[in-house]
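Please open the structure in your viewer and keep the selection panel at hand, as this tour moves from one selection to the next.

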Amino acid sequence: MTKSWMLLAAAIFSVLGAVAARAQDATEFKVGYVASITGLIAPITKYYMDGLDAGIKMVNESGGVGGLPVSVVKCDSQSNEAQAVLCTKRLIEQDKVNMLMGVGGTAPTVAIEPTVQAAGIPLFAIAAGRISYAPLKKWVFKAIIGNDDQVPTVVKFLKKKGCIKVALIRDNTAFGNDSAKSIKEEAARDGVEIVADEVYTPTDTDITAQLTRIRGLNPQAVINYAVGIGVGGLISKEMVQLGMKQPSFVGMNQQIVGYAVNAGPEGTAQTFFVAAKVASAADLPKDDPLYGPISTFTKYFKELHPDETPNSNSPTAVDALLIAQAAGKAIGKKVLDREALRDAIEHVTNLAGLQGFWTFTPEQHWSSLEAGAQIVTYDGKTWAPAN
Amino acid sequence: MLRVRDLHVSYGDIHALKGVDLDVNDGEIIAILGPNGAGKSTLIKAIIGVLPKRSGSIAFQGRAIDATPTAQRIRLGLGTIPEGRQLFPDMSVRENLILGAYARLGFLIPASLDEALEQVFGIFPRLRERENQLAGSLSGGEAQMVAVGRALMSRPRLLLCDEPSLGLAPLLVREVLATISRLLEAGITVLLADQNALAALRMADRAYVLDTGRVVASGPSASLAKDERLWTAYLGSGVAARM
Amino acid sequence: MNPTDLVQTAVSGLANGALYAFVGLSFSLVSRSTGLINFAQGDLTMLGGMLTAVMTEATVPLFIAVPLAALICAAISGGFYYFAIRPSTRATMSQLVIITVGLSILIRGAVTSIWGTDPRQVPPFTAGGPIAVGGVSILPQQLWLIGLLAVVAIATTWFFRRTVLGLALRASSGNALGASFVGIDNRVLGLFAFAAAGFLGGLVGAVWSPIAYAQVDIGVGLGIKGFTGAMLGGLHTAYGPLVGGVLLGIFEAFTAGYVSSHYEDALIFALLILALLLRPQGLLGGANSTTQDERPEQILSTSVRATTFGRRDFIGIAIGIAVLGLIGAVLPGVWVSNAIFAGIEAMAVIGLVLLTGFAGQLSLGQAAFMMIGAYASAYLTVRSGWPPILALMVGAALSVVVALALGRIIFRLRGFYLSMASLGLLMIALTFAREWYGITGGPSGFVGIGAFSLFGFDLGSDTAVYYTVATFVVISLLFGMSIARSRIGRALLAIRSSESAARACGVDVVGLKMRIFAFSAATASVGGSLYGHYLSIVNPSPFGLDATIQQLTAVTVGGFLSLWGALAGSLLTVALPQLIGWVSGSVASQFIAGIDYIIFGLLLIGIVMTQSNPALHRFRMRLSHRGTGAAVDAKESVRAP
């Protein structure tokens, strides 16, 4: 009885496997997106995907990749490493994608890299942690404003404003931990003192105890790095509730309207956000080197999502496509050959993307995007660069 | 008053009662005898409705109660002192008693219930002292008093007693059985199931003997006491023959 | 120690405590009435907040939205009892816990699908900012919450003492049989209790959400804290959940504010475990009140369990090995990967079959042993360069040592209390993994773990890993079968039925529990080691509550008493999300992802129902020809005359 179940299961899987092997489609360029559509990273992934929709249109209406139209196949990795690996293998073997991008979190990205290396397919890493793209890995390329771009922007801004006694509050996930590490290192470099490092669990709903403690230390500013959007805004709201007047600085992933809703108007007024230039697209001067791609992208975004404005998360999944497009300009239809594509990506130089300028070399698969990060504030209507 | 015909009851695959017929008339004390496992408790549970029957009929005061829920049966006048007493250990004596009247009550506990409680305390003065004590901490005899009192709270016309003497010291057994027989004076008919055949027969007018789910003998207690079938049921045919 | 800060911390703690007290009250209501713990209670609270948010966004006025949200939660909770719990007359305690876990997953999936994962704001009852009194501030909504709590507490106390229904609920939980003799219909009471708890849960969600926010994932943690508070105060007492919840809130605030926010959750769970061990009846519970979860589980198995390896077993093993071997050769790559992860999980689930299925001990902490194995392998191979097989064995040995040490302490507990204690230990272990930066690498853990290798042969390809995992699985299976098909197996079943009876028959209850726990720890640890080598990274995130729920699902699907079922169940839980994703194609979105969870939840609920409702038995998935040994209805503890 049991054995027939197991045989049945094995038979089903074999059949599925055979049936699912879709033929190589030589008429489109397939991108596999390993996305954390549910789980811890879910709220941010939603914004990644909204932006991606606009990005696909933008790329397709400007010649696609190597002259081929782009289609994106998504797989939900559930913010879970094992599922990320399974998604990756499925996208490679059954959907036969030509390139991959992913994953929302640093750890799942690192988890899929052995698979990517073994299969020999280019992967654009869109996780904030440096370890996801460095040291050099043959098939992995950075495609996001990472911690090493964001954090110096924040800390240098703090130093410029004379805030040298700063408290840090962040969640106890890998994201929070990596961010804390980067922040402390950068702070040490720039002569800023981190007087507190308080943590909380992302699903906590009250952080006043930690904030009260910080209040007692009387810092000049508070750095608030959260992977969860709800709790990030809540911290701002609670700071107001506790009568804390210090400005707070939040990471790029929090630069969304939802944060302002959670934080309340007073909390938002006290908050400085790290943002990609896309966020203040309306204010972007025409002579800004990134003006071209950003305004084009914003146009497409508004067509698809008329009630929203792009935020810093919107371009995250798009630059990978732009880079692929740039690589395709050099080799045309040969983008369908993974090795050729990889080599071409390695020669992309000074490409104006949405998050900054992309330059890859055979020795370095990442570039500094500090120029693409800025500090903005929100007045309830527009995001404006802070000075 | 109570008419049971061809009653079959099962626990899952176990066929516990195999076609039992029983009559109880107003004002009688009826004894149900039989060894452990004969089906006495099952019979009582089926009559009160705690166990569903497989087939057969049960009628109380001329009215078929086969499909009636327990609460309704209680309102019609059936009351039980369950085997092992089945008190509510974390509730006080008073609360246990109040719950005896559950079937008659609405949403709030009425003040009129105090009168009924007083009557019970009248019969069992010891309980008045223990009114707020948790039932789980009572002695065996006191617990039995609560069980009887609880049954009385529902103003039963027919009281089903399931092994009231179980687990009690002989002195207490006598006390309990004496109390039960006094109920007759209060106009309550009694159906008493007990392993203690002689004591039960002494109290009862008529008796039924159950053995493995069937009635093997019935009749007036005086003659049943000498009936060989009674002893066979308890002791097996070999021993009974020698008696 | 600024006095203002002190008071502020206390005030914040009090407000949170009111929330926990409310949730605890709901747990208590259900537990006092039915003896059950509804794992989804926290999610019902979340739902109340979510529904209120959604309705107010659709411009429904607050004074309609809040009661309506509460009523909807009541309907869901009551409906769940009526359709899923009430008919499951033969469910064991573990199965009932799992069925409520299924409801929790179902609710979260539905919310994700319909409204997504974005947090939402709920308008407060009264407008206005925080009220500041001398440097200490409190929100008006927090005052509402505390006020409402007082009202509800008084109302429930009055209800349990002065109303017939309240007395009946207490009676039913104290002695269900006795209750039926006085005419109480236990099942109507159960329905009422669940509906009332749902109403309370939804109500408090609506009242509290304006303070923070409403978001799909906040329910589970809330439920755990509410339950902890209720346990601390006394789950079955009138004011226990109230006192316990408030104390917990204050304790939590002071720990985060004055001890360390890094170890806050570990300390809370340590408190829970201490309470369960030292004073399970809670602060306010009486000494002789029914404390331990003593649901007598009588297994009336209609089939005799074998006590030796029979010929059928050998044939089964041979076929099983052949099938496993075939799978490795025939399946395309990604499904082999699924099978690998399934096999790794199966290692933990095999142990669970024996521990939970046979011995009836629902441990929610098995993921901790996987974690020990994973970290041991990671540390020893990466930092010390040990050969993987040695590291794996050290990990297993370490897990066994930990199991024996801790087991002696927590296995004094039974039923749901044991489950919560084991969950608490897992959470504490996770905290240490997260914080012991030097040893474990913190939340990011280890990267770059090499592939598993044996005597120099690198077993890195998927196929090689598959066969390695399959070998270990078969070995564990053989060990497991030799235990199950022996006197020990019968002894374990006896322990599950009634520990005191087993002890009276000469079964070394404590010793056996320890040995089985150690065995399950060892197999889980090996699974964890293999996981680390396959994934090449090890960090705490795969070993949390989600992993536990996945293992529980696997055990349930597999049929509790079937070792082969452990394999099938593991495969299902690993592959199902992939299957659904593949079927829905590239339409991946939050809507589809929510459907995934909905299916999972329905599966859990449905399978437990088929196993525990005699009317549905013909739909049962019989994964063992020995049957699942259904339990007789424990609540009515009907005894043969």
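The stops below visit places where chains or domains touch.

This is a predicted model, in which local features need pLDDT of at least 70 and side-chain atom pairs count only at pLDDT 80 or more, while totals for chains, interfaces and linings use all residues. Residues are numbered from 1 along each chain as its sequence is written, and chains are lettered from A and ligands numbered from 1 in the order in which they are written.

Begin by selecting chains A and C, where 67 residues of chain A are in contact with 70 residues of chain C (two residues are in contact if their C-beta atoms, placed from the backbone, lie within 7 Å). On the chain A side, the largest share, 11 residues, comes from helix H1, residues 2-20; helices are DSSP runs of H or I with at least four residues, numbered from the N terminus.

Next, select chains B and C, where 25 residues of chain C are in contact with 37 residues of chain B. On the chain C side, helix H6 (164-174) and helix H7 (176-181) each supply at least two residues, and H6(C) gives the most, with 7 residues.

Finally, select chain C alone and colour domain 1 (3-278) and domain 2 (299-583) separately, with bounds that come from an automatic or database domain assignment. The centres of these two domains of chain C, taken over C-alpha atoms, are separated by 33 Å, and their contact takes 19 residues from domain 1 and 22 residues from domain 2. On the domain 1 side, helices H4 (93-115), H9 (218-233) and H11 (264-278) of chain C each supply at least two residues, and H11(C) gives the most, with 8 residues.
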